[in-house]
Amino acid sequence: MNEQCTINYGDNKQVSLPMMVGSEGERAIDISTLRKNTGLITLDEAYVNTGSCKSAITYLDGEKGILRYRGYPIEELATKSRFVEVAYLLMYGELPTPKELDAFSGLLNNSSLIHEDMRHFFLAFPNHAHPMGILTTMVASLSSFYPVPEEMSDEEERQVIANLVSQVRTIAAFSYKKFIGEPMIYPSYKLRFVENFLNMMFSSPVQNYQQDPDIVKAIDTFLILHADHEQNCSTSAVRITGSSLANVYAVISAGISALWGQRHGGANQGVISILDEIVTSGDDGRRFIEDAKNKKVRLMGFGHRVYKTFDPRAKIMKELCHKLLNKPGMADPMIDIAMRLEETALSDDYFLSRNLYPNVDFYSGLILKAAGIPFNMFTVLFAIGRTPGWLAHWREMRHDKDNRISRPRQIYVGPPMRNYIPMDKRAGGGRTSLSGRFIADGDTSNPFVKSKRFTETVRNERFIPAPPPDNKPSGPDSSIARG
Ligand code: CMC
């Protein structure tokens, strides 16, 4: 394509930049040569307008609510496929033949154990440790037990991929057993991917877990719906970490860490916290909606950077949720509250004018709850589902001959050059936050203040230790050693 984009800048200067078009007609200005030719950079905070790579894995149209893996609509994959097939599709680009699927499933099963010595690591975590913290640590530790050669053959790459897809699931189940203080249950060669996970979670030496095909299907579909979502926060973390040529276990661990946050994968826990809070307070949800509109809280499971209409995954989740909760003995009053919240929000101009619709997380927590998955494992289930997507992106990047280290630039807005101030000449008046931002005394503009209510709820679940009563920031008079 020969279309060009011309930018006027400075004193009558002009630069022409090539346009590029994706296979679904998405258009972009290619600015790869901008700085070299003009000295200019672009500023796009939070990457709202920036394409960070070319990728052939997932197509997403946020305006139309379309999601496809390797060209296949998510709706078809969710109803007709299995998670392991989808993992293969994402990784290798085509749906597997029966022979290829057998080989891939066999490899996953053969790779499901973790080194026996790693089981001792679990003992060192405190009992209330969040399973996401355990998962990210353990996945990074896999690199010590399964070292990755610098030059990987195709076979070694296949093995590393199988290790991660399979072992993330084993670690997840082991971390739950650690949390509840039960012996760990080993994976079994006889069980399929999801059944194996549920068995490791819920069987014990004294009781066999009875598989329910509807729960197995629901979890399988959940994993498919979470398997990839192009350049989201955690996948970008994976690509950025991988671009330094860090080993693949460290790369996936970085993805897990990025996923943990409540704006991303942590939102599925947040939705259940909200529903629980509404049930406990006896509100019908309207007060919560008002608080959300007044920016006191966020309605978790609502809104999306890319979707400006219904998230297609949310529609499937909602149907699945109804199906599961309609089973005898599985009713959950929280679904009525969720539906009322959705209805109230979708008839309110605040949400409509901002294109805030339910996302994948809005109904997924209810499905996991119905399946018996404990609250603090919800984001871990997201991580199990997303691992094939992360690996597909890592693999795509690894095989891209033009791949270079990711290294964005910035516009520096700090103080200009100044002279060093000796300790005895420095005034107080504030502190530096953990993120390095200087917070003047009395400044309440910290964005995290907004999420206090969610943090309180989580703290009540004992995932975050409460600060000591006199947790004052250390100022100049603090007795903490400096240096
Ligand atoms: N509740 C209330 N207001 C909201 C919400 C919400 N959930 N989401 C966005 N807004 C408002 C926001 O206050 C802002 O209003 P204004 O224009 O008056 O300043 C406007 O909508 C745009 O929001 P934003 O924060 O600039 O949008 P973003 O694209 O930066 O953030 C988001 C996207 C998903 C982080 C955000 O919508 C959110 O925090 N949602 C709740 C958390 C959540 O459900 N996350 C899971 C996302 S899907 C799973 C995944 O892929 O991770």
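Which backbone atom lies 2.7 Å from a nitrogen atom of the ligand? Select leucine 299 to find out: a backbone N or O atom of this residue sits at that distance. Keep in mind that this is a predicted model.

**Stop 1: the ligand**

Stay with the ligand and show its surface. Alone, the ligand exposes 940 Å², and the protein buries 76% of that.

Next, select histidine 264. Here a polar side-chain atom lies 2.4 Å from an oxygen atom of the ligand. Step back to arginine 263. A backbone N or O atom of arginine 263 is 2.9 Å from a nitrogen atom of the ligand.

**Stop 2: the shell**

Now show the residues around the ligand. There are 20 of them, and the nearest are His264, Lys295, Leu299, Gly301 and Arg305. Colour the shell by class. You get seven nonpolar, seven polar and six charged residues.

**Stop 3: the sheet**

Leave the ligand and go to the sheet formed by β1, β2 and β3. This sheet is open, its three strands follow the order β1-β2-β3, and the pairing is antiparallel. Select residues 4-9 for β1 and 27-29 for β3. These are the edge strands, and each pairs on one side only. Look at the twist: neighbouring strands are turned by 30° against each other on average, direction ignored.

Switch to cartoon plus backbone. Strands of a sheet pair through backbone hydrogen bonds, either parallel or antiparallel. Select residues 13-21 to pick up β2. Six bridges join β1 to this strand, and the two run antiparallel.

For the last selection, take glutamine 4. Across from glutamine 4, in β2, stands proline 18.

Note on methods
Residues numbered from 1 in each chain as written. Predicted model: local features only at pLDDT ≥ 70, side-chain atom pairs only at ≥ 80, totals over all residues. Heavy atoms only, no water. Pairing = 2+ DSSP bridges. Helix = DSSP H or I, 4+ residues; strand = E, 2+ residues; numbered from the N terminus. Axes fitted to C-alpha atoms, helices over the stretch in contact; angles between N-to-C directions. Near = heavy atom within 4 Å. Polar contact = N/O pair within 3.5 Å; in protein donor to acceptor, adjacent residues only side chain to side chain. Areas by Shrake-Rupley, 256 points an atom, 1.4 Å probe, with all protein chains shown as cover. Nonpolar A, V, L, I, M, F, W, Y, C, P; charged D, E, K, R; others polar.
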